[in-house]
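Visitor: I should like to understand how the terms used for a protein model are justified. May we take them one at a time?

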Amino acid sequence: ETVSLQSSVEYNFDEVVIHENGVLTVHGSSKGYLLLKIKEKLEIHSHAKLNVSGLGHKGGKRYCDGEGKGGGGGCAKGYSSCGGGGGYGTFGENGRGWSDNAYRENVDGIGGNIYGDAALSTIHFGSGGGGGYGSRGGNGGGIVCISCKSKIVLHENSGIYANGNVGKYYYDGCGSGGSIFIKCKTLNNPRKSLCFIQAIGGEHNLQPENAGHGGNGGFGRVRIYCQNIKTLTKLKQHSIIVQPPPFLG
């Protein structure tokens, strides 16, 4: 089951439970900003997710720049030209020409810029990838902001996601990851089975690996503020995989 909330609306709940294989997201007609204030607990069961991937700034149309402060560059008109990946927490990757798997100045789109700050003093959407010869760049990731007075519990293969999308075709740049800000008393993974908090860019997965393609998207940003996790080592001990490495505190 998928439940979609309104974007950019502050929701106040006593508790939120996402059952096995369930999805909590926001309506995708515009950019997705999921803002939750919870008194007791947020619990995400096995294979369930809280997901705003691809709900950030839009990717550029064919040959056009992606939207956002770190929008990937569109490419020159012509066969095999590739768009640049969107940037945010890290630079987006330059487009890499199909024939020689290398960026070609004034032909392929450049990767998007870094913006914002690690502490998320201002929270941002991920930026879109540049349009390539193919069709359209991937959208950037959306925003998740969770304030929970008690605990957040993650179960096996559950996760919180604000990833960027892959470009529509391999010529198109990918979107950058968005933003995840989590504030809670405790963050737990009771069975120590892998679970995920992820705001990464879209990435082309091509064979052969040395083939040219639109630029991959840069990382988004993650901040985690909770009493029981003060170090990256603690996250590892809880088998919580966070990408990119978060700002703690």
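Guide: Let us begin with a definition: a salt bridge is a side-chain nitrogen of Lys or Arg within 4 Å of a carboxyl oxygen of Asp or Glu. Please keep in mind that this is a predicted model.

Visitor: What makes Arg96 and Glu93 a salt bridge?

Guide: The closest N and O atoms of Arg96 and Glu93 are 2.8 Å apart. The limit is 4 Å, so the pair qualifies as a salt bridge. In general, side chains of opposite charge can pair when their charged atoms come close.

Visitor: How many salt bridges does the structure hold?

Guide: The structure holds 5 salt bridges. Among them is the one in which the side chains of Lys37 and Glu10 meet, at 3.8 Å from N to O. This pair links distant parts of the chain, for Lys37 lies in strand β4 (residues 33–44) and Glu10 in strand β2 (residues 9–18), 27 residues apart.

Visitor: Why is Lys37 called partly exposed?

Guide: The relative accessibility of Lys37 is 36%. Partly exposed is the class between buried, under 20%, and exposed, over 50%, so Lys37 counts as partly exposed. Its partner Glu10, at 41%, therefore counts as partly exposed too.

Visitor: How do you know that Lys39 belongs to another class, and what is its partner in a salt bridge?

Guide: Lys39 has a relative accessibility of 53%. Exposed means over 50%, so Lys39 counts as exposed. Lys39 forms a salt bridge with Asp14, with the closest N and O atoms 4.0 Å apart. Here, too, distant parts of the chain are linked: Lys39 is in strand β4 and Asp14 in strand β2, 25 residues apart.

Visitor: Why is Glu43 called buried?

Guide: Glu43, which lies in strand β4, has a relative accessible area of 12%. Buried means under 20%, so Glu43 is buried. Glu43 touches Val16, Val17, Ile18, Val153 and His155, not counting residues up to four places away in sequence.

Visitor: What makes the link between Glu43 and Lys41 a polar contact?

Guide: The side chains of Glu43 and Lys41 are joined at 2.7 Å. The limit for a polar contact is 3.5 Å, so the distance satisfies it.

Visitor: How do you know that β2 and β4 pair?

Guide: Pairing requires at least two bridges, and β2 and β4 have 9, so they pair, in the parallel sense. Within β4, Leu36 is the residue opposite Tyr11.

How values were computed: Residues numbered from 1 in each chain as written. Predicted model: local features only at pLDDT ≥ 70, side-chain atom pairs only at ≥ 80, totals over all residues. Heavy atoms only, no water. Helix = DSSP H or I, 4+ residues; strand = E, 2+ residues; numbered from the N terminus. Buried < 20%, exposed > 50% of the residue type's maximum accessible area, 1.4 Å probe, protein only. Polar contact = N/O pair within 3.5 Å; in protein donor to acceptor, adjacent residues only side chain to side chain. Contact = heavy atoms within 4.5 Å.
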